[in-house]
Amino acid sequence: MAYESYKTVEDSRTEWMKCIQYEDINGNDRLFGGRLMSWMDEVAGIAATRHCGSFVTTAAVDNLQFKAGCFLNDIVVIRAKLTHVGRTSMEVRVDVYIEDRESGMRKVINRAYFTEVQVDAVGKPVPLRYGLTLENEAEKAEWEGAKKRLEVRRQRRVEGF
């Protein structure tokens with residue numbers, strides 16, 4: 001692919017924080033999962049927008065895993081980073097943590113991979129201008145994992161899922 005130039009994973013890394021309030025809680029006194037998914041989608045979109053410098057739309061979400069609950073007054077940290085760049089789409093890994101107030105230590109409570117597509121003003125996919133420079137082994141491993149997830153998504157479409 002011919003990109004105009006390249007950006008690093010760090011160029012578009014995004015972090016967002018929130019203290020959980022009553023309006024975020026479900027009937028079981030936990031963070032409402034749909035609310036968290038909405039926040040994750042927004043942070044993924046911001047990271048993708050920071051990479052491409054244009055409008056994006058979410059095309060897919062893979063491996064969404066709720067690992068632990070979140071409760072009133074917990075501090076939630078959502079971090080997003082690009083893992084793969086294709087012709088019109090980008091994969092963004094989103095990790096969600098609870099941050100301990102005293103120690104600052106973070107515990108993973110959720111993770112997912114979002115596919116974001118760069119679109120024009122009418123929502124049509126357009127080619128990306130920026131590729132992604134991989135600077136370390138972890139970023140290279142994420143890239144390889146993204147290629148596998150992409151192939152699984154393609155196969156599922158063929159199979160009608």
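Hi everyone, let me start with a pair of residues: Arg153 and Asp62 are both buried. Those two side chains form a salt bridge, with the closest N and O atoms 2.3 Å apart. Arg153 sits in helix α3, residues 137–159, and Asp62 sits in strand β3, residues 55–66, so this pair links distant parts of the chain, 91 residues apart. One thing to keep in mind as we go: this is a predicted model.

Let me step back to the overall layout. The protein has three helices and seven strands. If you walk along the sequence, the pattern reads β-α-β-α-β-β-β-β-β-α. For the box lovers among us, the C-alpha atoms fill roughly 50 × 35 × 30 Å along the principal axes. How does the radius of gyration sit against what a compact globule of 161 residues would have? The globule value would be near 15 Å and the protein has 17 Å, which agrees.

On burial, 42% of the 161 residues are buried. Now the contacts: taking those with a separation of 6 or more, 71% are between residues 24 or more positions apart. As for the surface, the protein exposes about 9100 Å², and carbon and sulfur atoms supply 50% of that.

Now to charges. There are 25 positive and 25 negative charges, and their mean positions are 4 Å apart. As a reminder, side chains of opposite charge can pair when their charged atoms come close. How many salt bridges does the model hold? The count comes to 14.

You have met Arg153 and Asp62, so here is another pair. Arg106 forms a salt bridge with Glu15, and the closest N and O atoms are 3.2 Å apart. Arg106 is in strand β6, residues 106–119, while Glu15 is in strand β2, residues 14–19, so the bridge ties together parts that are 91 residues apart in sequence. Arg106 is partly exposed, at 31% relative accessible area, and Glu15 is also partly exposed, at 38%.

The next pair is Arg35 with Asp24, whose side chains meet in a salt bridge at 2.8 Å, N to O. Arg35 belongs to helix α2, residues 33–52, and Asp24 to the loop between β2 and α2, with their positions eleven residues apart in the count along the chain. Buried or exposed: where does Asp24 fall? With a relative accessible area of 2%, Asp24 is buried. Its partner Arg35 counts as partly exposed, at 30% relative accessibility.

Some bridges also share partners. Glu91, Arg93, Asp95, Arg111, Glu142 and Arg149 are joined that way into one network.

Let me move to strand β4, residues 75–85, where we find Val76. Val76 is buried, with a relative accessible area of 0%. Which residues does Val76 touch, leaving aside its neighbours within four places in sequence? The list is Trp16, Met17, Lys18, Ile20, Cys70, Val96 and Tyr97. For a sense of distance, take Val76 and Val117: they are 41 residues apart along the chain, and their C-alpha atoms are separated by 26 Å.

His84 is found in strand β4 too. At 13% relative accessibility, His84 counts as buried, since the cut-off for buried is under 20%. Again setting aside neighbours within four places in sequence, His84 is in contact with Ser89, Met90, Glu91, Leu132, Trp143, Ala146 and Lys147. You may recognise Glu91 there, as a member of the salt-bridge network.

Last topic: backbone angles. Most residues other than glycine have a negative phi. Asp29 is not a glycine, yet has a positive phi of about 60 degrees. Asp29 lies in the loop between β2 and α2, and is exposed, with a relative accessible area of 57%. Asn63 is another non-glycine with a positive phi, about 55 degrees. Where does Asn63 lie? Asn63 lies in strand β3, and counts as partly exposed at 42% relative accessibility.

To bring it back to the opening, strand β3 also holds Asp62, the partner of Arg153, and both members of that pair are buried. Thanks for listening, everyone!

Note on methods. Residues numbered from 1 in each chain as written. Predicted model: local features only at pLDDT ≥ 70, side-chain atom pairs only at ≥ 80, totals over all residues. Heavy atoms only, no water. Helix = DSSP H or I, 4+ residues; strand = E, 2+ residues; numbered from the N terminus. Rg over C-alpha atoms; globule rule 2.2 N^0.38 Å. Buried < 20%, exposed > 50% of the residue type's maximum accessible area, 1.4 Å probe, protein only. Contact = heavy atoms within 4.5 Å. Areas by Shrake-Rupley, 256 points an atom, 1.4 Å probe, with all protein chains shown as cover. Lys, Arg positive; Asp, Glu negative; His and termini not counted. Charge placed at Lys NZ, Arg CZ, Asp CG, Glu CD. Salt bridge = Lys/Arg side-chain N within 4 Å of Asp/Glu carboxyl O.
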